[in-house]
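Visitor: I'm new to this structure and would love a close look at a single part of it. Could you pick one and walk me through it slowly?

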Amino acid sequence: MKKMTIALVGQPNVGKSMLINAISDAKLKVGNFSGVTVEKKEVMFDFKDYHIKIVDLPGIYSLKEYTIEEKVTKRFLLEEEYDLIINVVDSTALEKNFLLTSELMELEKKMIVALNMMDEAHKEGIIIDNDLLSELFNVPCLKITAAKKRGLGKLLNKAIEIAKKPFCKPKLIFSDTLEEEIENISNFLKEKGYKSSLSHREFAVKLLEEDKTFYNMIRTEPIWIELLPIIREALKHLYIHYETKNIEEIFAQERAAFVKGVITETVTYQKSLRENLTDKIDSILIHPIFGIPIFLLFMWGLFQATFEFGNYPMDLIDQFFSSVIDHTKEILGNGFLGSVVADGAIAGVGAVVMFLPNIIILFLGIALLETTGYMARVAFLLDGFFHKFGLHGKSFIPLVTGFGCSVPAYMAARTLKNEKDRLITLFIIGFMSCGARLPIYVLFTGAFFSEEVAANALFVIYITGAVFGLVAAKVLKIFVFKGKDEPFVMEMPKYRMPSFKLIWHTVSTQALMYLKKAGTFILAASVLVWIASNFPKNPELETEYAKKMEKVQNDDKKTEIENELQAKLLEESYLGKIGKATEPFFSPLGFDWKLSVALEAGLAAKEVVVSTLGVLYSLGESDETSQGLKEQIKKNIPLPAAISFIVFVMLYLPCFAASAVFAKEAGGVKYLVYLFVMTTASAWMMSFFAYNLANMLI
Amino acid sequence: MSKLTELEIGAHAIIKDINADDELKHRLLSMGIQKNVEIEVKGYSLGKKVFKIDANHTALAIRKEEADKIEVDRR
């Protein structure tokens, strides 16, 4: 088997992920590019007698080194080993896509252009002569429709053919003015016999484009001293001719002219066969007045679904784990082993797994938002509003991702180029309640409210968190991160039917990650919490109560004494001691030591709050059958304390993993300290307020 | 010449000048927004805060502050 590596390059929203997903039986590997948190996707599969690896590079608009994605892609294309580039373009927007293509053509690498979304282009009346296009670019151009798996075999066959053949230089011709300056420099390089990875012409182009990478290459060579005046002279000519000193603008004009010329010759635009569907949908969804209410309605629907549909499988899972706990105790007995496995491990893990259905629905909603193209519309709708709070329309994307999990949300904030905008967004992401906090809310709202009210309560919780985040952003913008705003210029992709496979992939990855966490981290934490709540042993107390037991005959009385003993034992345990020690801090908020400990355990991971409560309350009960955790909560916690608890959970520091990512993304541990102070202070004050208000009203 | 933000929905125009700093210019250029490109205003959000424009068969969202820097000739 021969090996072949393909670099997949294209602008955002051209269907690169779709292309990778369309290659059936391919194994998808998701990782990071070394040193940065830009996602690196790779697929591996066998085709004919080749073992093919495709590296999906981040979507970029150009190869300038402005954004981290551009840097990563450029570094990969220049420095890594690969056989050829497949440049994926959106056939319905060739003018924009070919700008990047023209930059790729200068890299002097083997390359194929995949004209994707041909089905849509056809519907819009766009006819492309791809043979003539291939000839003009001197780069093979193939028509494909990744969404319908059309043309993929041909594409791979072509890739193999190109990989075998020697390199064939693409034809990229600029205007006479620019070509003349290029020739001057390249002739000089040739005379001097300068050698680099690029040909003399392309190197000359890179120098004129003021490409830092190539300046760094030649700057230390003796040839530099003579080359400098030639470049200076050339630039001077260009400045005069184009009436601007912005070299990027000059080349942008040149590229646009080249691309326009090629498109005029190869593409015909007929009258569209159908009305522009995206425009039609947009006339409703981004309507100046109805747009935002419609968006809020969607979000409300998502939370309703999370609760309503999540409830049925949840009850089943709850019953399942309850019976597993009972059976485990039957088999292992009520001793140490039985208790650590049943009350520790299984109760803890069960309490977390129970919320898998809710998590799946939430992630499904976010994935749909993203793949249909609606996310960009929401950024459009909300930018005006967000801007008032010192945020950027694009902040919406990390913030919404934050409802799923804060870790990818912190990473998604990288799309914000302005340092201050990014920091503000990073600081308030935690206020968007993540999926791991959902179990706590579902548990508490489910315990205190009827089913219909619970979903609304959940919606209110999320909205309150988000609104608090906005206010915090404004405060940060006014007092801490003052300065210039980042411009808001963003592509609004066409609406597309989401691919089932792509959605399935995203959601199942998230679900598996959640389960994996439950099986490892949560399991360990649950056992730890169990041990901390059962040790040190207290034989004196036990004998004292055993004596009391002997004296009474009444069964009810016996249960009462047994309960009292368990509660006393728990209070004397390590966990009890920690809880007691920190109780003064939490008691103004209405929390007993059990809730205090659960919150502290939640610093490790928010799921642990629920599993800790699970362990604490299942230990407190002395009857043989485990009651639902919900019932326990309702029985043991007064409503004002529960509300205060929810508010605290809503606002306090994200989990350990998220905090680590936050520190990395924000650029230092000191920011994490700020975040800790900010979130703890807000959580405490708001809980105090909520607790007292609730006490007054109830 | 007029500002992009002065156009009404459905208006077509040709970009004549972009008075932006290098960073914003790069953003616009890489998305194909430059001199002599034809645009159409497709819509705006509440209070004309953000504009949706079509250029080169691509829809873009652009904030009022940035759109103010783009000068156009009506067609």
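Guide: Happily! Let's begin in chain B, where strand β2 (residues 12-18) runs antiparallel to β3(B), joined to that strand by 3 bridges. Keep in mind as you look that this is a predicted model. To find the pairing by eye, go to I14(B), which stands opposite E38(B) in β3(B).

Now let's stay with strand β3 itself, which covers residues 38-44 of chain B. Besides β2(B), there is another partner to see: strand β4 (residues 50-55) of chain B pairs with β3(B) in the antiparallel sense, over 5 bridges. Here a handy landmark is Y44(B), standing opposite F51(B) in β4(B). Follow the chain from β3(B) into β4(B) and you trace a hairpin, with 5 residues between the two strands. In that turn sits G47(B), whose phi is positive, at about 75°.

How much of β3(B) is buried? Of its 7 residues, 5 are buried, so the strand is largely enclosed by the rest of the structure. As you look along a strand like this, one general point helps: in a regular strand the side chains alternate between the two faces of the sheet.

Before we finish, glance at another part of chain B, helix α1 (residues 22-30), which packs with helix α11 (residues 247-266) of chain A at an angle of about 10°, their axes 10 Å apart. Angles under 35 degrees count as roughly parallel, so α11(A) is roughly parallel to α1(B). The contact is made by E248(A), E249(A) and A252(A) on one side and by K25(B), H26(B) and L29(B) on the other. Sorted by character, these contact residues are 2 nonpolar, 1 polar and 3 charged.

Notes:
Residues numbered from 1 in each chain as written. Chains lettered and ligands numbered in written order. Predicted model: local features only at pLDDT ≥ 70, side-chain atom pairs only at ≥ 80, totals over all residues. Buried ≥ 20, exposed ≤ 12 C-beta atoms within 10 Å, placed from the backbone. Helix = DSSP H or I, 4+ residues; strand = E, 2+ residues; numbered from the N terminus. Pairing = 2+ DSSP bridges. Axes fitted to C-alpha atoms, helices over the stretch in contact; angles between N-to-C directions. Parallel < 35°, antiparallel > 145°, perpendicular 65-115°, else oblique. Contact = placed C-beta atoms within 7 Å. Nonpolar A, V, L, I, M, F, W, Y, C, P; charged D, E, K, R; others polar.
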